[in-house]
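Let's take a walk through this model, starting at a charged side chain and working inwards from there. Keep the structure open beside you as you read.

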Amino acid sequence: MKKLWMVATIFLISFTLMGCGTREATNDTVNDNTVNETTNDNVETESNMGGDESLLELADEAADKVVELDEVDSATVIITNNNAYVGAVLENETEDMDQIQAKIKEQVEATNANVNNVYVSVNPDFVERMTDYGNKIDEGKPVAGLFEEFNETVQRIFPEAS
């Protein structure tokens, strides 16, 4: 009986330590779906939008090309999983949004051949959030939960993207 008790105790201790060891290994890489390592222009994260590990990339070149359009005053472009998300402020209100969106998509695709989909919004709330995300990425700040928040935002604005 004493031997059985020792074996059960050793098994429980071993099982507990294995669980702790696994948690430590993943803490170095992913913590709450956000990798703690950042660089100047991107945030590495675990994605819920396809792919195991993704990158939020601030696409300044694409944004500059979009702003070259006469209809666009300012723009922020963030690329992840070969999808580009554009928050744009237009010079003037227009009823021909389809044509402007097509021009914006063309400019983004011209700067990055790996982009499969371009999602454009002129919604002021989305533009403000995109600008904020872009600033955080550009500053290279470690931002816990940024990718999760970004996912929620784009899924709300572009439900067809998920």
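**From a salt bridge to the cores**

Arginine 129 is partly exposed, with a relative accessible area of 29%. Keep in mind that this is a predicted model. The partner of arginine 129 is aspartate 125: the two form a salt bridge whose closest N and O atoms are 3.5 Å apart. Aspartate 125 is partly exposed as well, at 39% relative accessible area. Because they are four residues apart in helix H4, arginine 129 and aspartate 125 are separated by about one helical turn. Add Glu149 and you have a network of salt bridges linking Asp125, Arg129 and Glu149.

Time to zoom out. The protein chain has five helices and six strands, and from the N terminus on they run α-β-β-β-α-β-β-α-β-α-α. Of the 162 residues in the chain, 35% are buried. Take the contacts with a separation of 6 or more: 57% of them are between residues 24 or more positions apart. On the outside, the chain exposes about 10,000 Å², with carbon and sulfur atoms supplying 48% of that.

Back to helix H4, this time for its aromatic side. The whole structure holds six aromatic pairs. In one of them, the rings of tyrosine 85 and phenylalanine 158 sit with their centres 6.1 Å apart and their planes at 40°, so this pair is tilted. Tyrosine 85 belongs to strand S5 (residues 83-90) and phenylalanine 158 to the segment after helix H5 (146-157), so the pair links distant parts of the chain, 73 residues apart. Buried or exposed, these two? Tyrosine 85 is buried, at 0% relative accessible area, and phenylalanine 158 counts as buried at 6%.

Phenylalanine 158 has another ring partner in phenylalanine 126, and here the geometry is edge-to-face: 5.4 Å centre to centre, with 90° between the planes. Phenylalanine 126 lies in helix H4 (residues 124-139) and phenylalanine 158 in the segment after H5, so this pair ties together parts that are 32 residues apart in sequence. Phenylalanine 126 is buried too, with a relative accessible area of 0%. Follow the ring pairs and you get a cluster of Tyr85, Tyr119, Phe126, Tyr133, Phe150 and Phe158.

Now for the nonpolar interior. The largest nonpolar core has 20 residues, and those with the most contacts inside it are Val72, Val77, Ala84, Val86, Ile104, Val108 and Val118. At least two residues of this core come from each of helix H2 (60-67), strand S4 (72-80), S5, helix H3 (97-111) and strand S6 (117-121). Apart from it lies another core of 15 residues, among them Ile78, Phe126, Tyr133 and Val154.

Helix H3 deserves one more stop. Glutamine 107 lies in this helix and is buried, with a relative accessible area of 15%. Leaving aside neighbours within four places in sequence, glutamine 107 is in contact with Lys65, Val66, Glu68 and Leu69. Two of those contacts pair up themselves: lysine 65 forms a salt bridge with glutamate 68, the closest N and O atoms being 3.9 Å apart. Lysine 65 is partly exposed at 30%, whereas glutamate 68 is exposed at 53%.

Helix H3 has a salt bridge to visit as well, with lysine 103 meeting glutamate 71 at 2.6 Å, N to O. Glutamate 71 sits in the loop between H2 and S4, 32 residues from lysine 103, so to speak a link between distant parts of the chain.

Notes
Residues numbered from 1 in each chain as written. Predicted model: local features only at pLDDT ≥ 70, side-chain atom pairs only at ≥ 80, totals over all residues. Heavy atoms only, no water. Phe/Tyr/Trp six-rings, centres within 6.5 Å; stacked < 30°, edge-to-face > 60°. Buried < 20%, exposed > 50% of the residue type's maximum accessible area, 1.4 Å probe, protein only. Core = buried A, V, L, I, M, F, W, Y, C linked by side-chain atoms within 4.5 Å. Contact = heavy atoms within 4.5 Å. Areas by Shrake-Rupley, 256 points an atom, 1.4 Å probe, with all protein chains shown as cover. Salt bridge = Lys/Arg side-chain N within 4 Å of Asp/Glu carboxyl O.
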